[in-house]
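Work through the exercises below with the model open. Each task is followed by a worked solution.

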Amino acid sequence: MSDLGIDLGPVWLTFLLAFVTTVVLLVLGTPFAWWLAHTKARIKPVIEAITALPLVLPPTVLGFYLLVLMSPNAPLGRFWVDVTGNTLTFSFTGLVVASVIYSLPFTVQPLQAAFEAVGRAPVEAASMLRASPAAAFFRVAAPLAGRGFLTAAVLSFAHTVGEFGVVLMVGGNIPGQTKVISIAIYEHVETLNYAHAHILSAGMLVFSFLILVVVYSLNRRFPIHGR
Amino acid sequence: MAGDLSLTVRVSRRFDGFALDIDQVFPLQGISALFGPSGSGKTTILRIIAGLETATGVVALGERAWLDSDAGVFVRPHLRGAGLVFQDARLFGHLDVAGNLAFGMKAAGASAADWDMVVGALDLDGLLDRAAGALSGGEKQRVALGRALLAKPALLLLDEPLGALDGRRKMEILPYLQRLATEFKVPTLFVSHSVEEVSQLAAHVTLIEAGRVVASGPTDEMLERPDLQSLTGRFEAGSTLQAVVIGHDQAFRLTRLEVAGQQIIMPMLKSLEVGQRVPLRLRARDVALANGPLAGISIRNQLHGVVADIHPEPDTAFAEVVVDLNGARIQSRVTRFALAELGLVEGAPVVVLVKSVAFDRRGLVNR
C-alpha cells in the first residue's frame with residue numbers, strides 16, 4: 001500500500017507487461033513488417049488481414065480463443081506445461097503471449113508503412129557500397145525508418161497498458177501475476193471503491209493523453225526520410 | 001589494373017512485352033558508354049551487371065564471373081565490388097555528406113589518402129557538413145560519385161548521372177566525370193541517351209535499341225556513321241571537334257578556341273582552362289556552307305576547308321556534307337538545292353559557317 005492507500009502492484013505489473021510485450025513485438029514484428037513491406041507474394045493481403053484482426057475483434061473473442069489454445073488440454077498449452085511445469089493460462093507469461101497478439105498491429109502497421117516509405121532504393125544503394133543485407137538494414141533502412149520504430153514502440157506500449165478484455169479472459173485477476181491496472185479498476189468499481197477507481201482511472205487518462213501527444217509530436221519532428 | 005580489362009555481358013531476360021538479349025564485350029580502357037533511347041533496356045543491363053536484377057547468362061569482369069546461370073554462379077551485389085551510381089543519386093537522408101562519403105570506406109579498405117584524393121578531385125570540401133537533403137542536384141551527383149569511388153569499385157557503373165540535371169548543372173559535373181578515366185583509372189561503364197554526353201566522355205560506345213546491341217565501336221567512328229544515325233533517329237547527325245582553349249574575352253564574355261589551326265569563339269565557359277583540350281559537339285544542321293568568306297554577316301566562326309564527302313539523303317531535300325579542315329572533319333546538313341547552286345562537289349574549297357550559339361548547346365541538350 002502506498003501513501004495514497006493504493007496498491008501499486010498492478011501499476012508496476014502493467015508497465016512490466018507493456019515493456020516486455022513491446023520488446024518482444026519489436027524483435028518479432030520488425031522482420032515480419034519488413035517482409036510485408038517488400039513481398040510480392042499473392043498471400044500478402046490475407047496475412048495483412050490476419051495481422052489487423054486484433055483491431056476489429058472484440059477482445060473477448062480474441063481472449064476466448066487464446067484461452068482455448070493455451071489451456072493445458074490444448075497442444076500449445078500442453079507443450080508449455082511439459083517444458084516449464086507451469087500453465088500458460090493465468091500466468092504472466094500467458095499475458096505476454098496474449099498481449100503480443102493483441103498489440104501486433106500497433107507494431108507491424110507503423111513499421112510496414114515506414115519500410116514502404118523508405119523503399120528498396122536506399123538498400124540497393126547501400127549494397128553498391130559493399131554493405132551486406134544485414135548492414136544495409138541496420139545502417140540505412142532502420143535509421144531511415146526511425147520514426148516508424150518510435151511510433152510502433154510507443155503505440156504498442158500504450159495499447160498494452162490499456163488492455164482489459166483479453167487479460168480478463170486469459171489471465172484472470174491474480175495479484176502480482178495478472179492483476180493489471182485495468183483489472184484493478186474493474187475490481188474497485190465492482191466493490192464500490194470509487195475513490196481508488198478514480199485515482200487509477202485519472203492516472204490512465206493522463207498517461208494515455210501524454211502518450212498520444214508524444215506520438216503526434218514525433219510525427220511532426222521526425223519525418224520518415226523518403227528518397 | 002590490367003591493361004586489357006573487359007566486361008563480358010551475355011545475358012537474356014524476358015519481361016512483359018520486352019525482351020533483353022545482350023551478347024557484348026565492353027572494353028574498359030577509358031570510359032565505355034551504353035547508348036540508346038529511353039526504354040531500350042540500358043538501365044536494366046546496368047542493374048543485371050550490378051546484381052540488382054536476375055537474368056540468365058554470363059556476366060564477368062575480366063576472368064571473374066559474377067553471374068553464370070548454367071554453372072549456378074550468382075555473386076551477391078555487395079560482394080561484386082560494382083559501384084552503381086544511380087540517376088537519382090540516392091544519398092542517405094539520415095547522414096550528412098561526410099557520412100555518405102564514408103559509408104563504404106571501411107568495407108572497401110579505403111584510406112585517408114583515398115579520402116583526400118576524392119574529396120579534392122570532386123571539390124567536396126565545402127559540402128562535408130551539409131545534410132544530404134540540402135544539396136542541389138549537381139552537388140548530390142558529385143557526392144554520389146565520390147561515395148562510389150571511396151568504396152573502391154572494381155567497376156563503376158553510371159546510370160545517366162547527368163540525366164536529372166539541367167544544362168548548367170550538367171556542365172558542372174562533366175569535368176569531374178572526364179577525370180574518372182584519367183585520374184582515378186576506374187573502369188567505367190556509363191549509360192546515356194544523350195549523344196553530347198557520350199561524345200564528350202566515352203572512348204567506346206555500344207548502341208542499344210529494344211534490348212539488343214545494334215553496333216559497338218570507338219565513339220568518333222560510331223557517331224559519324226550515317227547508317228547508325230538513320231537507324232535510331234536519336235543520333236542527331238553531327239561531328240565532334242577536338243578544340244584547345246586559347247583564352248577568354250571578359251568584355252564580350254566569349255571563349256576563344258583553336259580547331260585545326262583556325263580560331264573559333266563560343267559563349268564563355270569559365271570552367272575551361274587555357275590550354276585545356278575539349279571535345280566540341282556540333283550538330284550538322286547548325287553548320288552552313290559558303291563558297292568563300294562572307295562579310296557583313298553576324299556569323300564569326302568561318303573555317304576554311306575542303307568538301308570531303310557528300311551523302312545525298314534519298315527522298316528528302318537534304319544532303320550530309322563532310323568537310324575536311326586540315327584533318328579535322330565537320331558535318332553539315334544542307335539542301336541538295338543549295339549544293340547545286342553553289343556548285344559544291346567533292347574536293348571543292350568551302351567555308352564552314354557556325355553561329356557561336358550552336359556551341360552553347362554542347363553537352364547541354366539531348367537531341
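**Exercise 1. The interface**

How many residues of chain A are in contact with chain B, and how many of chain B with chain A?

Solution. Keep in mind that this is a predicted model. Start with the contact count: 18 residues of chain A touch 26 residues of chain B. Next, take the area. The two chains, A and B, bury about 1,800 Å² between them. Carbon and sulfur atoms carry 63% of that area. Then look for the main contributors on chain A. A:M128, A:L129 and A:R130 supply 45% of the area that chain A buries against chain B, more than any other three residues.

**Exercise 2. Polar links across the interface**

Count the salt bridges and polar contacts between chain A and chain B, then assign the chain A side to helices and residue classes.

Solution. Begin with the charged pairs: there are 2 salt bridges between chain A and chain B. B:R47 forms a salt bridge with A:E124, and their closest N and O atoms lie 2.6 Å apart. That distance meets the cut-off of 4 Å. Now widen the search to polar contacts: 7 residue pairs qualify between chain A and chain B. Turn to the helices of chain A. Both α6 (121–127) and α7 (133–144) supply at least two residues each to the side that touches chain B. α6(A) gives the most, with 6 residues. Finish with the classes: this side of chain A has 11 nonpolar, 3 polar and 4 charged residues.

**Exercise 3. Helix α5 of chain A**

Trace helix α5 of chain A and find where it bends.

Solution. First, set the limits: α5 of chain A covers residues 92–118, 27 residues in total. Second, compare spans. From first C-alpha to last, the helix reaches 37 Å, close to the 39 Å expected at 1.5 Å a residue. Third, locate the bend: α5(A) turns by about 50° at A:S103. A proline, A:P105, follows within four residues. Last, check what comes after the helix. A:G119 follows α5(A) and has a positive phi, near 75°.

**Exercise 4. A salt bridge within chain B**

Which parts of chain B does the pair B:E160 and B:K42 link?

Solution. Start from the total, 16 salt bridges over all chains. One of them joins the side chains of B:E160 and B:K42, at 3.8 Å from N to O. Now place both ends. B:E160 sits in the loop between β8 (155–159) and α7 (167–184) of chain B, and B:K42 in helix α1 (residues 42–50) of chain B. The two residues are 118 residues apart, so the pair links distant parts of the chain.

**Exercise 5. Overall build of chain A**

Describe the secondary structure and extent of chain A.

Solution. Count the elements: chain A has 11 helices and 0 strands. Then take the extent: the C-alpha trace of chain A spans about 65 × 45 × 30 Å along its principal axes.

How values were computed: Residues numbered from 1 in each chain as written. Chains lettered and ligands numbered in written order. Predicted model: local features only at pLDDT ≥ 70, side-chain atom pairs only at ≥ 80, totals over all residues. Heavy atoms only, no water. Expected span 1.5 Å × (residues − 1). Bend = angle between axes of the 7 residues up to and from the residue. Contact = heavy atoms within 4.5 Å. Buried area = accessible area lost by both parts, 1.4 Å probe. Polar contact = N/O pair within 3.5 Å; in protein donor to acceptor, adjacent residues only side chain to side chain. Nonpolar A, V, L, I, M, F, W, Y, C, P; charged D, E, K, R; others polar.
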